[in-house]
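Grab a pencil and open the viewer. Below are some exercises, each with a worked solution to check yourself against.

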Amino acid sequence: MTRMTVKRKLEILSDAAKYDASCASSGSSKRDSRDGNGLGSNEGSGICHAYAPDGRCISLLKILMTNFCVYDCSYCVNRVSSNVPRARFTVDEVVDLTINFYRRNYIEGLFLSSGIIRSPDATMADMVRIARRLRRKESFRGYIHLKTIPDAAPELIAEAGLLADRLSINVELPTDAAVEAYAPEKSPEQIRGAMADVRHRKDAAQDRSHRGRRPPRFAPAGQSTQMIIGADGATDKTILGRSTRLYGDYKLKRVYYSAFSPIPDSSAKLPLISPPLQREHRLYQADWLLRFYGFELDEITSTTRDGNLDLAVDPKLAWALEHRALFPVDVNKAPKELLLRVPGFGVKTVKRIVSTRRHCYLRYDHLLRIGGAMKKAQPFIVAGGWSPGSLTDSACLRARFAPPPEQLTLF
Amino acid sequence: MYHVVIPKIGAATAWRTAARGFLAAQVPPHEICWQEPGAAPELFARTQAPPPTGDIKVSRRFVAMANSVVWHRDRDRFARLYGFLWRLRDAPHLTGDHGDSRLARLRRMEKNVHRCQHKMKAFVRFREIGDPEAPRRSFAAWFEPTHHTVEPTASFFARRFGDMDWRIITPDKTAICVDGVVSFSAGQPRPDLPEDAHEDLWIAYFENIFNPARLKVSAMCSEMPKKYWKNLPEAVAIPNLVKTAPERAEKMARAAPTLPPLRAERMKERLAQGNATDGTLPSQSSALRQRK
């Protein structure tokens, strides 16, 4: 048997890794290598070093250690029953690629995931070995994201958390029933148990000792998870309900939504669809409203009848259109909470409005300069020189924003 | 009329010193002509700025903004900054006023510079120019920033690449870091950097991390504008990826499900029996052999 080249392995194992949406490299502990004894830095905000033509950023070297896998998850390109080519990196190869890519300023660090080979413990141990080599031998101070294996031994998770910036475990699908149907070897309880374990370890690492010393930080950039959208029949209401619970129960940093995307050599159990990208986008918008804009779950999901978000307009606008009695709001007087509900105003815009109105009366052109999306905000606000008149309550307001109706295609 | 030339290297300090002197001497903005080096000197101009005297209190927000705006490409940046600083004497609250049009302009310039710095941190691509086995490896990059961002961004690279020597060459300025010490010299034309074998691997990665079923070219271009492509090695792959994507996605959808490979049954059985722990590697290598 001829040996596979590193390039060929890289092709196979990055192709296998692209269905993981996370690319974050932000929010970890601050560090650098100015002392000359190491390589890398982390300064809080992440850097996207390139963008692929799918519009996704490339921040980390996102690869699988191996795409051999003993599990048979229908949605996954690496399931045991798939005929995709298989490969396996050695520890040296992953370390060498990471360091050499990093030195050329291609990446912020490594996002390492893996198929399950032999046993969960053996797989996790190999991943931890790679992270340990990077941190200890190469003095690598860049970002490391490890995808943990839910049923790996607790000692391995403990070490992984000390070496990596972020740990993640994918819940895979929005409901337990769907996980059982499409990922028969995975157990939703076990996945949740692993997330709870990471949360407890992270919490425990906050406590100071009796001498006031801090223990080493555990996964300083937090933990995240991913759900595949559109593979099963779950509604947006179910999906957002699940993420709200995940954010609350496990203090997750992020829940990623990944539109179910065609994969090479798909399973007969799960017919391919064109990926629901717009739905994925709306879910992220709703997720943001829940986390940063003070919206409650039922406020967002109550605007639609079938439990799915409106694809034509964004969820904030959809909410505002259903609650016109609250509008227009006066930007010079309204409390911050209400300003955050105005379509077209983001968190930054609201902050600027509140700080500027302290020393001047806000006019419409001020708002333009502040940076609000005024076309969207117009019907919902009153400012110096601007009043929406009957626009707020006009019957055709929705039509101003929704894309024109499309003729159904025959194919 | 005063005539001040702000040098290319160290512009932030030079502008600040000059501005403090003018402010202390109560020189109004219309009496100062701020220039970049190389511009024709004005006749009958006094070239000496008054020396800064005493303490001048300026809000920290303005200083931070000025430290970015001085690197903007706009030729009037120094005058704009001084004009605003002059107004601040009587109205110190102006720095927080988001409704002021001249401040809005400066803020926009500041944002442009920040974005340019951010893109520089992202898009500089080093090539190895020394021995990979040397105790300190050395790398070089050619980059063409939109604004004069090499100087304010060099410290980022120094913090990041502490154990290697590097240089970033631009048409406008060159930053060189040797043994952790950063220095600046004049700009240079594009150098011939040696080929780097890792670029090939990086392009392979770029091609394979792309998902052809989610083609969104405009999203890519808004974050990675085409003006940067000529210095990004991976950009050579973009046209072909875009061209073949619809066909590849369609092919995936059309392909009939295949029969699982032979080893799938064996591995499933073994997993069910609960003895998955004793090396499945033999079956993996046999799978590899089948393909070769």
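Two residues are in contact when heavy atoms of theirs lie within 4.5 Å. Keep in mind that this is a predicted model.

**Exercise 1.** Find what Ser168(A) touches, leaving out residues up to four places away in sequence.

*Solution.* Start by locating the residue: Ser168(A) sits in strand 6 of chain A, which covers residues 166-168. Next, look for its contacts beyond those sequence neighbours: they are His145(A), Leu146(A), Lys147(A), Thr148(A) and Ser224(A). Now zoom in on His145(A): its side chain and the side chain of Ser168(A) make a polar contact at 2.7 Å. Finally, ask whether Ser168(A) is buried or exposed. Its relative accessible area is 1%, and the cut-off for buried is under 20%, so Ser168(A) is buried.

**Exercise 2.** Work out how covered helix 10 of chain A is, and what its buried residues pack against.

*Solution.* First, find the helix: it spans residues 315-322 of chain A. Then go through its residues: Pro315(A), Lys316(A), Leu317(A), Ala318(A), Trp319(A), Ala320(A) and Leu321(A) are buried. That makes seven of eight, so the helix is mostly covered. The packing partners come next: the buried residues lie against helix 8 (277-292), helix 9 (297-301) and helix 15 (397-401) of chain A. Last, check the start of the helix, where a side-chain oxygen of Asp314(A) comes within 3.0 Å of the backbone nitrogen of Lys316(A).

**Exercise 3.** Describe the interface between chain B and chain A, going from the overall totals to the details.

*Solution.*
1. Count the residues: 78 of chain B are in contact with 82 of chain A.
2. Look at the area: about 7,100 Å² is buried between the two chains, with carbon and sulfur atoms giving 59% of it.
3. Pick out the top contributors: Arg160(B), Tyr205(B) and Arg214(B) supply 12% of the area that chain B buries against chain A, more than any other three residues.
4. Search for charges that pair up: there are seven salt bridges across the interface. One of them joins Arg159(B) to Glu43(A), whose closest N and O atoms are 2.5 Å apart.
5. Add the polar contacts: 31 residue pairs make them between the chains.
6. See which parts of chain B take part: helix 6 (197-209) is among the elements that supply at least two residues each. In fact, helix 6 of chain B gives the largest share, ten residues.
7. Sort the residues on chain B's side by type: 41 are nonpolar, 16 polar and 21 charged.

**Exercise 4.** Take two of the aromatic pairs in the structure and say what each one links.

*Solution.* The whole structure holds 29 aromatic pairs over all chains. Begin with Trp15(B) and Trp34(B): this pair is tilted, with 6.2 Å centre to centre and 40° between the planes. Trp15(B) belongs to helix 1 of chain B and Trp34(B) to strand 2 of chain B, 19 residues apart. Trp15(B) is buried at 3% relative accessibility, and Trp34(B) is buried at 10%.

Move on to Phe123(B) and Tyr228(B), another tilted pair, at 5.0 Å and 55°. Phe123(B) is in helix 4 of chain B while Tyr228(B) is in the loop between helix 7 and helix 8, so this pair ties together parts 105 residues apart in sequence. Phe123(B) counts as buried at 1% relative accessibility, and Tyr228(B) is buried with 7%.

Methods. Residues are numbered from 1 along each chain as its sequence is written. Chains are lettered from A and ligands numbered from 1 in the order in which they are written. This is a predicted model: local features need pLDDT of at least 70, side-chain atom pairs count only at pLDDT 80 or more; totals for chains, interfaces and linings use all residues. Side-chain values use heavy atoms; hydrogens and water are left out. Buried area is the accessible area (1.4 Å probe) that two parts lose on being put together, summed over both. A salt bridge is a side-chain nitrogen of Lys or Arg within 4 Å of a carboxyl oxygen of Asp or Glu. A polar contact is a pair of N or O atoms within 3.5 Å; within protein, one must be able to donate a hydrogen and the other to accept it, and residues adjacent in sequence count only if both atoms are side-chain atoms. Helices (H or I, at least four residues) and strands (E, at least two) are DSSP runs, numbered from the N terminus. Ala, Val, Leu, Ile, Met, Phe, Trp, Tyr, Cys and Pro count as nonpolar, Asp, Glu, Lys and Arg as charged, and the others, Gly among them, as polar. Buried means under 20% relative accessible area, exposed over 50%, partly exposed in between (1.4 Å probe, protein chains only). Rings of Phe, Tyr and Trp (its six-membered ring) pair if their centres lie within 6.5 Å; planes under 30 degrees apart count as stacked, over 60 as edge-to-face and the rest as tilted.
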